[in-house]
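Trainee: I should like to go through the assignments in this model and ask what each of them rests on.
Mentor: Please proceed once the structure is displayed.

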Amino acid sequence: MWHRDSDRFRMFTRRALMLGAGKGVLLTGLAARMYYLQVLESDRYRTLADENRISHRLLPPPRGLVTDRFGEPLAINRQNYHIMIVREQTPDVRRTLEILDQIIELGPDTIERVERDVARRRSFVPVTVRDNLTWDEVARVGVNAPDLPGLIIDAGRSRDYPEGPHLAHTLGYVAAVSEKELTGDPLLELPGFTIGKSGVEKVYDLALRGTAGTSQVEVNALGRVIRELEREEGDSGNTVVMTLDLELQRYANQRLSDQESASAVVMDIHNGEVLALASHPTYDPNAFTNGISHKLWNSLVNNPYAPLSNKAVNGTYAPGSTFKMCVALAGLEAGIISPNQKFFCNGYLDLGNARFHCWKRGGHGWMNMHDSLKHSCDVYYYEISQKIGIDRIAAMAHKLGLGEETGIDLPNERSGLIPTKDWKEIQLGKRWQGGETLIASIGQGYVLATPLQLCTMTARLASGKAVKPHLTRDHVTPDGVSSREAEEFPELQVSRANLARIRDSMNGVTNEIRGTGYGARIKTEGMEMAGKSGTSQVRRITMRERQTTGVLGNDELPWKYRDHALFVAFAPVDNPRYACSVVVEHGGGGSGVAGPIVRDLLQKAQELQSARQGISAANLPNSAQLRPRTAQNNENEG
Amino acid sequence: MAMSKYRIGEDPDYVPIGRRLLLLNWTLVLLIAALSGIGFAMLYSAANGSLQPWAERQMMRFAVGAVLMIVIAVTDIRVWLKLAYFSYFVALVLLVGVEIKGDIGMGAQRWINLGFFQLQPSELMKISLVLALARYFHGLTVEDTGRITLLIPPLLMVLAPAALVLRQPDLGTALLLIAGGGVIFWLAGVRMWKFALILGSALAAIPIGWQFLRDYQKNRVLTFLNPENDPLGAGYHITQSKIALGSGGLFGKGFMLGSQSHLNFLPEKQTDFIFTMLGEEFGLVGGLALLALYALVITYGYIIALRCRNQFGRLVAIGVTSTFFLYVFINIAMVMGLIPVVGVPLPLVSYGGTVMMTILVSFGLLMSVSIHRDIRISRQGNDDGRN
């Protein structure tokens, strides 16, 4: 019996050892696999583990500041406190919100929205309860913090325009990035990030934006942040120093505020620096920063006086009589007329079977060039324009900066229109009519110009150089800010003597008795201005109206049919420094309505200049000295 | 007379209880305690440095299980021989029971709720099958094992519970039962060509069996074949486990410093993927050390088997050792992406009461074999065979 058992045992032992050997092989296989994963492939898996746990987050840079030429802040970054709630840190969300409601008013709508948001997010994700807390509210919440578990007060930055409506059109505003503005730059996808939407904020957006910093945080599998591992602060955007003089700008706004709809430009005739650029009515750009309400937006869009439009660069108007310098200069330059050549004005001129009226019904009598400008006689220009021809007039207009964009650093600048024979053929498919030259000669018909172009034209007449307007002290590019080379504008290809004659005639307009602008002259000695009024018709005066009621006065017409009032001028007469243009939409007579505004602006510009005599150009601030001040602000307010 | 029975006290092989405790293989007990201790430490780490919710409960289970293990160890091996078929029968009835009335857990019917205790009949079957097969082959001579008719009953003994477990469905346990049973067949001396035949027909049956797999089981196999295919879905577990192990490197990231484990990228880190956490925190060195401990335990199992002088004890010893080995191998191979994820825990280390009990009970049997190694038992099982 036992021999059989020993058979079994031998068999068992043999097979058990084979089995054991097999297990040994398998365990060795496991060890080899471990070696492969943990030694040979370790680097790859280490990288993958870090990719798992480390998340890179962008830190939005503070936006660059915008200041006026003296460093006065025009666009800054304000601390913006918002209060957030974290579900997992509060025992009862509703109860906490109700307590908060008693401390700072939330209202049932907010409580409901927050509860909804909280339910949708993961329990550790903060949900914004309210934005834009006042300092007082922050303090009250802080004091009551023990009763408000799970509430966090967080400080962010939001754009602030301390001057509010005064610079809305020039500065523009920032707002949240829209879908079609996404460029793939991850910075733009950060929640709450804003970019320039209009004005300087838009044109210099890249320079103002700065570069984002990064924060490396450790996250768990749910995306919850465990701790910050590394932080690299970004670079704040460049400070942009504007050419604007805040005080003059404020004054311009104030001066336009009596009008329904108007715009004004003041610039330095030598270097093209725009000192004031105003469009009325205006709006508060701060309303856009945190999302504008539907109601406010609709009221801005539907306002008949178009507050959102920057009329100084986007508004085009028939320049009316302010165009006459251009026609006269074209005639002088072409040698077609001489300054003393006289034409007779009996109140109208017949061409073919059409009659072209002068603004003065009885006529001006014999007029030379000087008197024609001084009295703004229309018939004189009907006469000479027939000899000069529209194309010569157009060429001179372009020389003076009309009919093309000035290239100012603002978005959506309009180019206006200076018609030529070819232009009409191509655009309208019709031949140019002789009468159209007559109408163009008094700045009516097809001729259109922006207030900025008219100011540029005046600056060019005063300086004899092809001045171009601009808004920043320095040269601003997406890469940064560099000092603007002392820009020497090329000479206008116009005889100095002829320019002097035109300037002298403009002097006649404002400083000689019975000049159309005499009433609007600057009386302060040494500050006198030379200018030209313009009253441009926006409706057709029919023969029937002339014969029955006579030409209706502006007071008798509804606002939108009244004439535009225009005035351009430079000052001081002897040694010109500033040019100014004002257009009052449907304001009536140029000399009566626009003239006094130009006068006041030019006088103010000169007064400010003499008051600041001590401040030489070298002392003006540049962007290097004006870093964004958020860091300082933090210290002050924290 | 050969057939006479001894009462206790008359049995010439009777060993007093105190002596049995001295004969207990204390080195093996120490190894088991060491492995469980590693488990406690890992569970403490898994809970981010807390005894709750896992480590403390695991310790209590171990304490209870260890006492049970020793009680089983000092119980006469012949008692277990006599109980072998009975326990198999009970386990089989319970398995049928979960088919009829079982609680749904983890998408599979596995538990019978006895009110105070959730019984997992498949775990009981793992032990009972080994006991029953060992009892059966104990009664066969080498020549007997060559007769196919005598191999049919044990084959049915394996296939019946395996089929029931597969229906639950629990692929991992079914494979463990078949493999564990196969080991006993092998040790009993069943011819190799018969294994080859069974294995060949099993491979041929794979395409047919595939249709009977549940979707999640199919997914497990498919993701195993290509885990990167679905990195956020079913392949996530394997991928994250490999990242955790690989990033651990040679010496690991340090106790409680495993980023994959502690930031929850690693799923089920306290149960099936606990080896991964160990590998991440203690590196290759820690992983190999654990593997060495397991290898030592298995070697002890073999020594006990080879020193045993009765066939039943030998078969039981290698049977439970092999089941233990299969747990270790399947779990570690699974977390390293060598085989599909089948839901087998790492014995003594993974959190889980039932498996802890199964393992400790089977070690109790192993030690009982060791203590009673010199008892000779006749093929009939009721005879000391001395005369």
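Trainee: How many salt bridges does the structure hold over all chains?
Mentor: The structure holds 36 salt bridges over all chains. The model is predicted: local features need pLDDT of at least 70, side-chain atom pairs count only at pLDDT 80 or more, and totals for chains, interfaces and linings use all residues. Residues are numbered from 1 along each chain as its sequence is written, chains are lettered from A in the order in which they are written, and side-chain values use heavy atoms, with hydrogens and water left out.

Trainee: What makes the pair A:D7 and A:R10 a salt bridge?
Mentor: A salt bridge is a side-chain nitrogen of Lys or Arg within 4 Å of a carboxyl oxygen of Asp or Glu. The closest N and O atoms of A:D7 and A:R10 are 2.9 Å apart, so the pair satisfies that definition. The two residues lie three residues apart in helix α1 (residues 2-40) of chain A and are therefore separated by about one helical turn. Helices here are DSSP runs (H or I, at least four residues), as are strands (E, at least two), numbered from the N terminus.

Trainee: Why is A:D7 called partly exposed, and why is A:R10 called exposed?
Mentor: Buried means under 20% relative accessible area, exposed over 50%, and partly exposed in between (1.4 Å probe, protein chains only). A:D7 has a relative accessible area of 26% and is therefore partly exposed. A:R10 has 52% and is therefore exposed.

Trainee: Which salt bridge involves A:R53, and why is A:R53 called buried?
Mentor: The side chains of A:R53 and A:D50 meet in a salt bridge at 3.1 Å, N to O. Both lie in helix α2 (residues 42-53) of chain A, three residues apart, about one turn of the helix. A:R53 has a relative accessible area of 16%, so it counts as buried. A:D50, at 33%, counts as partly exposed.

Trainee: How do you know that A:R231 and A:E233 form a salt bridge?
Mentor: The closest N and O atoms of A:R231 and A:E233 are 2.8 Å apart. A:R231 is partly exposed at 46%, whereas A:E233 is exposed at 54%. Elsewhere, salt bridges that share partners join A:R63, A:R159, A:D185, A:E201, A:D205 and A:R209 into one network.

Trainee: Turning to chain B, what does its secondary structure come to?
Mentor: Chain B has 14 helices and three strands. Of its 387 residues, 57% count as buried.

Trainee: Why are α2(B) and α12(B) called roughly antiparallel?
Mentor: The axes of helix α2 (residues 26-46) and helix α12 (residues 274-307) of chain B come within 10 Å and cross at roughly 160°. Axes are lines fitted to C-alpha atoms, for helices over the stretch in contact, and angles run from 0 to 180 degrees between N-to-C directions. Angles under 35 degrees count as roughly parallel, over 145 as roughly antiparallel, 65 to 115 as roughly perpendicular and the rest as oblique. The two helices are therefore roughly antiparallel to each other.

Trainee: Which residues of α2(B) meet α12(B)?
Mentor: Among them are B:L28, B:L31, B:L35 and B:I38 in α2(B), and the residues met in α12(B) include B:M277, B:F282 and B:Y300. Contact means heavy atoms within 4.5 Å. By class, this contact has 18 nonpolar, two polar and one charged residues. Here Ala, Val, Leu, Ile, Met, Phe, Trp, Tyr, Cys and Pro count as nonpolar, Asp, Glu, Lys and Arg as charged, and the others, Gly among them, as polar.

Trainee: Why is B:Y136 called buried?
Mentor: B:Y136 has 15% relative accessibility and therefore counts as buried. B:Y136 is found in helix α5 (residues 121-138) of chain B. Leaving aside neighbours within four places in sequence, B:Y136 is in contact with B:Y85, B:L150, B:P153 and B:P154.

Trainee: What is the phi of A:N412, and what is that of B:L348?
Mentor: Phi of A:N412 is near 60°, a positive value in a residue other than glycine. B:L348 has a positive phi of about 70° although it is not a glycine. A:N412 is exposed at 57% relative accessibility, whereas B:L348 is buried at 2%.
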